[in-house]
Amino acid sequence: SSKREWKPLEDRSCTDIPWLLLFVVFCVGMGFICGFSVATGAAARLVSGYDSYGNICGQKNAKLEAIPNSGMDHTHRKYVFFLDPCKLDLINQKIKSVALCVAACPREELKTLGDVQKFAEMNGSALCSYHIKPSEYTKSPDFCPKLPVPASAPIPFFHRCAPVNISCYAKFAEALITFVSDNSVLHRLISGVMTSKEIILGLCLLSLVLSMILMVIIRYISRVLVWILTILVILGSLGGTGVLWWLYAKQRRSPKEKVLPEQLQIAEDSLRALLIYAISATVFTVILFLIMLVMRKRVALTIALFHVAGKVFIHLPLLVFQPFWTFFALVLFWAYWIMTLLFLGTTGSAVPNDQGFVEFRVSGPLQYMWWYHVVGLIWISEFILACQQMTVAGAVVTYYFTRDKRNLPFTPILASVNRLIRYHLGTVAKGSFIITLVKIPRMILMYIHSQLKGKENACARCMLKSCICCLWCLEKCLNYLNQNAYTATAINSTNFCTSAKDAFVILVENALRVAAINTVGDFMLFLGKVLIVCSTGLAGIMLLNYQQDYTVWVLPLIIVCLFAFLVAHCFLSIYEMVVDVLFLCFAIDTKYNDGSPGREFYMDKVLMEFVENSRKAMKEAGKGGVADARELKPMLRKR
């Protein structure tokens, strides 16, 4: 395959059709699971709720064999009421309290059975068992709700009466409740978030603005982007570290004679927190400087590719919005998946449990629908992400291999989407399935490791972690190879295996360049993310400085910095993808073309300048003039 001629954008044919058919059949199976759940009444039971006898609230029900109190008409009883709402076993997903369908939820606390009787007579909502009349409530306390009956309100859209005061659920989180009640630091952290919510919102908006500004910088001044980012990161890291040390020194010099005894502990916690922040920032700054010192000489090709990537975004501005469409598609699918999962939790046939109440269980082969549904979550999610990679690759390939940019399609992104749908959905399905095959065993091993935590011996724990790590590395390598395979498919319209093999050959022949681009390029994009996080964090420090209790900074700053990193990652991940596609196109271009008549380069002038400079460096290296040129030697082949 390494000798086969590449013919960019000349031929276009359907690829991996059997895998597309397999994916369609799999999606039909996913639809069958949802349809089966709805057809068996799971949707009605989930939304409307059902009582302990299998009756769905708000409708007329059919009689179930061997189930007492089933088949009742609950047309006017639209809400599920639990006699003991604090007896819900959320962990095992079993209802240990009797559930009844009632006409209304008690909005006020009912302290006695007389109050329960009065509520039933006034509202027509019987809160005791169906076979007891309201006039007999005081005589049959065993069939009535546990007193006092807490005030409750119906959950929107799900018709369950939920206690307004959820303190009765404390036993399900006893450790957390105890920790919260006994930990004054956590109280201060939560109060810090609540009092700083406007600042947190403003800083999140600032991170979004900074990310968009960074994209503008990448687009228009990509030649000096690397050095601008380097200087700004140095200033930002030094500035943040210096401010933290200054605040620590200021807090340490502040007089403590006038401090109240109850405030002394808070002051000591604040001083200790500032010292930890300052030391962590110093260590981070030193490590960052060392990495930048090592990487400073290997940026020539990266700068050229960044410059061309900036031009790509000028001609293809819709690329910036690609993460939003992908995120929107993922959210829609995840919402559908969660809805179907909830349906599965209430589907099946009515079966009496040990207490004589009804549970819905699926028997036979259909009980394994859960596993099918989980595999569908992984495969279809990976399929959506792979469609984004193929769309970006197709658009960038069209830009690179179009000599006259005036002949570009009106919307290369839409043209790439059209080619994806018409020809290459099978390739995307196959690539995403390979990632799924690696991800599922890793997730199973992670689940086993979590279940055996503290029980397995050191050898087993080491083996599990090693297997998880190996599978994670394999997944990352396959992700990178898949992305380049999609680029090769976008160029030559070959199937997945052929494209992966062609891309692998190109990458192996340009191993040094791959290492340089993946280290320098990814590192510079990482510096962009660090710049946005540091700038947002520094602004947060300045805005939160009015709070003298420095301990409460940590949670708002963590929230803001995480959001800033996610926003920066969404914007710069597309840029990283464009650079990787450009690199493979550049490697193919330099391998099969040399600039002679009939074999002209497709590349941009900036990349041509890099090629010429590399040739000059190689000639000087041959004379002993440039030591670093030996890294450039494998980049070009003499024709």
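Leaving aside its neighbours within four places in sequence, with which residues is Leu-607 in contact? Select Leu-607 and, taking contact as heavy atoms within 4.5 Å, you will find Leu-301, Ala-304, Leu-305, Val-308, Tyr-400 and Phe-586 around this side chain.

This is a predicted model, in which local features need pLDDT of at least 70 and side-chain atom pairs count only at pLDDT 80 or more, while totals for chains, interfaces and linings use all residues. Residues are numbered from 1 along each chain as its sequence is written, and side-chain values use heavy atoms, with hydrogens and water left out.

Next, add Leu-319, Tyr-575, Val-578 and Leu-582, which together with Leu-607 have the most contacts inside the largest nonpolar core, a set of 64 residues (buried Ala, Val, Leu, Ile, Met, Phe, Trp, Tyr and Cys residues joined through side-chain atoms within 4.5 Å; buried means under 20% relative accessible area with a 1.4 Å probe, protein chains only). Colour helix H16 (554-592), one of the helices that each supply at least two residues of this core, and note that H16 gives the largest share, 19 residues. Another core, of 26 residues, lies apart from it and includes Leu-100, Cys-105, Ala-120 and Tyr-130.

Finally, select helix H1 (residues 17-39) and helix H11 (residues 369-400), whose axes come within 10 Å and cross at roughly 130° (lines fitted to C-alpha atoms over the stretch in contact, with angles from 0 to 180 degrees between N-to-C directions). The two helices are therefore oblique to each other, being neither under 35 degrees, nor over 145, nor 65 to 115. Among the residues making the contact are Phe-23 and Met-30 of H1 and Trp-379 and Phe-383 of H11.

Key:
Helix = DSSP H or I, 4+ residues; strand = E, 2+ residues; numbered from the N terminus. Buried < 20%, exposed > 50% of the residue type's maximum accessible area, 1.4 Å probe, protein only.
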